[in-house]
Amino acid sequence: MLKPGSIEIHSDVKTYKIQAAVLRQKGGPLKIESLELEGPRDDEVLVRLVASGICHTDIDFCDGWVESDQAVVLGHEGAGVVERVGTSVKSVKHGDHVVLSYQSCGHCRQCRSGHPAHCQHFYEANFGFRRLNGSNALQRSGVRGHFFGQSSFATHSLATERNLVKVAKDLPLEVLSPLGCGLQTGAGTVMNSLNVSGGASIAVFGTGAVGLAAVMAARLVGADPIIGIDIRPKRLQLALKLGATHAIDNRRQKITAGIADITSSGVDYVVETTGSPKMHQLAIEVLNPHGIVALLTGESGSDSFPEGRKTLGIIQGDAVPQNFIPKLIELYQAGQFPFDRLVKFYDFSDINRAIADAKRGDTIKPVLRIGEV
Ligand SMILES: [Zn+2]
Ligand SMILES: [Zn+2]
């Protein structure tokens with residue numbers, strides 16, 4: 001556990017001494033360093049982080065980083081306590097508990113019509129490592145932040161009202177942190193993007209955190225059968241406990257034959273979380289006419305195939321965090337979305353071990369414990 005940062009005032013701007021896990025080398029390791037974070041601007045909220053989930057996108061960025069890039073702070077499943085708010089912030093105040101999610105611009109047509117996951121500036125706002133106006137609150141330290149509007153592998157983070165969700169103070173913040181990306185994406189794909197209805201057949205390719213969230217959501221909406229597919233028997237066992245009616249270990253059994261055995265045809269929906277081109281192709285092959293493959297690994301737009309089959313690239317399960325995360329929390333409290341079973345906690349200083357465990361597949365959803373509530 002690290003101590004909360006202290007304020008320092010430099011002639012014009014307030015800055016906070018924070019600690020953050022900095023990426024300076026392709027593939028890591030991340031190193032925890034002391035940095036200076038500029039205090040919140042008018043529309044920003046300074047959050048003292050209690051926990052942060054680690055998502056595969058963090059790991060992909062770590063592995064894809066190149067030496068010519070400036071050092072960055074990753075992390076985009078933060079949860080914490082509001083420390084300070086900018087002058088125009090209305091919805092939260094000092095001491096409120098918040099879960100952080102993806103960032104959006106708030107001004108474009110998609111944002112104004114209630115579809116922030118389709119924000120026209122989604123890429124810059126989440127992967128630009130700067131504010132939309134080009135500035136960077138970690139500039140003084142020569143490091144780039146603002147990843148997904150948060151960079152939550154740190155003791156403190158700057159968010160806005162658009163990417164934070166206020167939560168009740170009696171809820172365990174450290175458990176809630178992964179709701180902001182992975183779990184919202186998996187559940188939102190089933191409940192929002194595909195709007196799966198009772199009795200529909202669904203296969204989930206890859207039963208990591210996103211896939212298991214899709215399995216739990218499929219059970220909630222009454223899909224049947226729900227077929228979990230993975231190469232890790234342990235994960236498949238968990239999928240069966242969380243709502244899958246069938247499991248296929250595709251190291252032992254062919255997916256096409258396995259699905260044909262279960263449904264006597266294909267499936268109405270596939271949620272493809274693996275990102276493998278081979279699995280992408282297979283997903284289309286096992287679809288029933290008018291079936292849909294949801295692709296969750298970065299592709300956007302849609303593609304059509306014979307007999308009304310199609311693929312859809314999905315971002316963040318088309319979820320509006322301020323509506324969907326409270327809904328998932330309610331389901332969690334009612335015992336219907338037991339996502340805490342995917343979580344394993346690590347001390348912030350063990351971030352590199354947590355990443356390694358996630359990469360090996362030993363841990364489904366690592367959550368870093370960063371500070372006290
Ligand atoms: Zn993510
Ligand atoms: Zn927008």
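**Exercise 1.** Are Cys 108 and Cys 111 buried or exposed, and which metal do they help to hold in this predicted model?

*Solution.* Start with the surface: Cys 108 is buried, and Cys 111 is buried too. Next, look for the metal. Both cysteines are donors of the zinc ion (ligand 2), along with Cys 105 and Cys 119, each through its SG atom. The donors lie 2.3 to 2.4 Å from the zinc ion. Finally, check the spacing along the chain: it reads C-x2-C-x2-C-x7-C.

**Exercise 2.** What arrangement do the four donor atoms make around the zinc ion (ligand 2)?

*Solution.* First, grab the angles: they run from 104 to 117°. Now compare with the rule, where four donors count as tetrahedral if all angles lie between 85 and 135 degrees. The angles fit, so the arrangement is tetrahedral.

**Exercise 3.** How do helices α1 and α11 pack, and which residues meet?

*Solution.* Find the helices: α1 covers residues 56-64 and α11 covers residues 351-360. Their axes are 11 Å apart, at an angle of about 105°. Angles of 65 to 115 degrees count as roughly perpendicular, so that's what α1 and α11 are to each other. Now the contact: His 56, Ile 59 and Asp 63 from α1 meet Ile 355, Ala 358 and Lys 359 from α11. Sorted by type, these residues give three nonpolar, one polar and two charged.

**Exercise 4.** Where is Ile 231 found, and what does it contact?

*Solution.* Ile 231 sits in the loop between β11 (226-230) and α7 (233-242). Its relative accessibility is 35%, so Ile 231 counts as partly exposed. Skip its neighbours within four places in sequence, and Ile 231 is in contact with Asp 249, Asn 250 and Arg 251.

Notes. Residues are numbered from 1 along each chain as its sequence is written. Chains are lettered from A and ligands numbered from 1 in the order in which they are written. This is a predicted model: local features need pLDDT of at least 70, side-chain atom pairs count only at pLDDT 80 or more; totals for chains, interfaces and linings use all residues. Side-chain values use heavy atoms; hydrogens and water are left out. Donors are N, O and S atoms within 2.8 Å of the metal (3.2 Å for Na, K and Ca); water is not among the atoms, so sites may look incomplete. Four donors count as tetrahedral if all angles lie between 85 and 135 degrees; four count as square planar and six as octahedral if opposite donors are over 155 degrees apart and all others between 65 and 115; anything else is irregular. Buried means under 20% relative accessible area, exposed over 50%, partly exposed in between (1.4 Å probe, protein chains only). Axes are lines fitted to C-alpha atoms, for helices over the stretch in contact, and angles run from 0 to 180 degrees between N-to-C directions. Helices (H or I, at least four residues) and strands (E, at least two) are DSSP runs, numbered from the N terminus. Angles under 35 degrees count as roughly parallel, over 145 as roughly antiparallel, 65 to 115 as roughly perpendicular and the rest as oblique. Contact means heavy atoms within 4.5 Å. Ala, Val, Leu, Ile, Met, Phe, Trp, Tyr, Cys and Pro count as nonpolar, Asp, Glu, Lys and Arg as charged, and the others, Gly among them, as polar.
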